[in-house]
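Biologist: I am new to this structure and would like a close look at a single part. Please take me through the aromatic rings and whatever sits around them.

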Amino acid sequence: CLCDCGTATVVRGSSLRHGNTLSCGCRKRTVLPESTTTHGLSKTRAYQTWQRIKGRCTNKKSPDYADYGGRGIRLSPDWSGKNGLLNFVRDMGHPKPGMTIDRKDVNGPYSQSNCRWATNHEQARNKRNTRHVLWLGNRLCLTDWAALLDWKASRLHRRLARMTLDRAMAPFKKFI
């Protein structure tokens, strides 16, 4: 086929008969508004992360919806609107290798003030089921207390299950 703009292109006959092909692509570039152009980020980890966040917060068919959107976790309006992806990348930047999105407050929204790029180690210590212990003015998760005191976390967990905090931690007062 020869397009009105002068470009020769190969087109299926059925596309011509059904009106699915009207030009070589030049019409699309001139007729559609610029706002429909691609952002160029669809192959980045930031885009994939943003898509997963949107899905688990808004898509009731998502397997993760119950743990996110279903319990009230929302996506910032800045990150969900027309320029949501661009605002997300502006606010968060692109993740470094080994980093994933993490909400500082696990019950808070996905927003610039509540999100960060974090390592798996940081993420593991910031979950709803992570037990934090406030002892002698220091608040650490049980795993960090165990590492600091050179104990296994499971041993410390068992002590805390059957004793008061002060009694369970008494052997360590000399180290702190």
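Biologist: To fix a starting point, in which helix does L149 lie?

Modeller: This is a predicted model, and in it L149 belongs to helix α7, which covers residues 142–149. The relative accessible area of L149 is 8%; that is under 20%, so L149 counts as buried. Along the chain, L149 and M169 are 20 residues apart, and their C-alpha atoms are separated by 9.6 Å.

Now to the rings. Searching the whole structure gives five aromatic pairs. One of them joins Y47 and W50: the ring centres are 6.1 Å apart and the planes meet at 45 degrees, so this pair is classed as tilted. The angle falls between the limits of 30 degrees for stacked and 60 for edge-to-face. Both residues are in helix α3, residues 45–58, and because Y47 and W50 are three residues apart there, about one helical turn separates them. Y47 is buried, and W50 is buried too.

Elsewhere, W79, F88 and W117 form a cluster linked by ring pairs.

Arginines also sit over aromatic rings. R56 is placed over the face of Y68, 4.9 Å from the ring centre. R155 is placed over the face of W151, and here the distance to the ring centre is 3.9 Å.

Terms used
Residues are numbered from 1 along each chain as its sequence is written. This is a predicted model: local features need pLDDT of at least 70, side-chain atom pairs count only at pLDDT 80 or more; totals for chains, interfaces and linings use all residues. Side-chain values use heavy atoms; hydrogens and water are left out. Rings of Phe, Tyr and Trp (its six-membered ring) pair if their centres lie within 6.5 Å; planes under 30 degrees apart count as stacked, over 60 as edge-to-face and the rest as tilted. Helices (H or I, at least four residues) and strands (E, at least two) are DSSP runs, numbered from the N terminus. Buried means under 20% relative accessible area, exposed over 50%, partly exposed in between (1.4 Å probe, protein chains only). A charge sits over a ring if NZ of Lys or CZ of Arg is within 6 Å of the ring centre and within 35 degrees of the ring normal.
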